[in-house]
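Please read this briefing alongside the sequence and the model. It takes up the surface, then the overall build, and then the interior.

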Amino acid sequence: MRVIQTPPPDIDATTLEAFRRHLVKRDLAPATVTAYLDDINRFWTWLCRIHDGQPPPLDQVRTVDLAAFRTHLIHEQARTPATVNRRLQGLRLFFRWMYDHDSMADNPATHLRFMRRPSAQQPPALIRREVLAFVHA
């Protein structure tokens, strides 16, 4: 028997459109606006999959949900720290906007931490022969 997956329920289009207008009003680049909206849709799709097609309403999303999404991006999708942080930034802006417009009792993204970027490694040191050749030159 073949299982036909139903698409996840859509996020309220009115909310997304209002958030899009907010981003445009902040004078963000069109590509940034598109990326942030895509981040919200990716999170929503993931949330639907995790909750078997019955995700909680956006106003009931908690920090633990966002942290689990971050873990999903790191381990299951093998995203780089820069990509993970950029996607989390889109979600942070969205939930802050919802909180500021009294759509949520508290902001779940307030305590969400970004990924630490690995420190840049120093270049390898010159070997003794190279140092001597440099000094003699």
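**A nonpolar patch on the surface**

In this predicted model, L126, V131, F134 and V135 together make a nonpolar surface patch of about 430 Å². Such patches are made of residues with over 30% relative accessible area and no salt bridge, with like charges joined within 9 Å and nonpolar side chains (Val, Leu, Ile, Met, Phe, Trp, Tyr) within 5 Å; a salt bridge is a side-chain nitrogen of Lys or Arg within 4 Å of a carboxyl oxygen of Asp or Glu. Areas come from the Shrake-Rupley method with a 1.4 Å probe, and for residues only the protein chains shown count as cover.

Residues are numbered from 1 along each chain as its sequence is written. Local features need pLDDT of at least 70 and side-chain atom pairs count only at pLDDT 80 or more, while totals for chains, interfaces and linings use all residues, and side-chain values use heavy atoms, with hydrogens and water left out.

**The patch residue L126**

- L126 lies in the loop between α4 (81-100) and α5 (128-136), where helices (H or I, at least four residues) and strands (E, at least two) are DSSP runs numbered from the N terminus.
- L126 counts as exposed because its relative accessibility is 53%, given that exposed means over 50% relative accessible area, buried under 20%, and partly exposed in between (1.4 Å probe, protein chains only).

**Overall build**

- The protein chain has 5 helices and 0 strands, and its elements run α-α-α-α-α from the N terminus on.
- Of its 137 residues, 34% count as buried, and the chain exposes about 9800 Å², of which carbon and sulfur atoms supply 53%.

**The nonpolar core**

- The largest nonpolar core (buried Ala, Val, Leu, Ile, Met, Phe, Trp, Tyr and Cys residues joined through side-chain atoms within 4.5 Å) has 30 residues, and those with the most contacts inside it are F19, I40, F43, L58, L66, F94 and F95.
- At least two residues of this core come from each of α1 (13-25), α2 (30-50), α3 (63-76) and α4, with α2 giving the most, 9 residues.
- F19, not counting residues up to four places away in sequence, touches L37, I40, G90, L93, F94 and W97, contact meaning heavy atoms within 4.5 Å.

**F95 within the core**

- F95 belongs to helix α4 and counts as buried because its relative accessibility is 0%.
- Beyond its neighbours within four places in sequence, F95 is in contact with F43, L58, V61, L66, M104, N107, P108 and A109.
- F95 and P108 stand 13 residues apart in sequence, and their C-alpha atoms are 7.0 Å apart in space.
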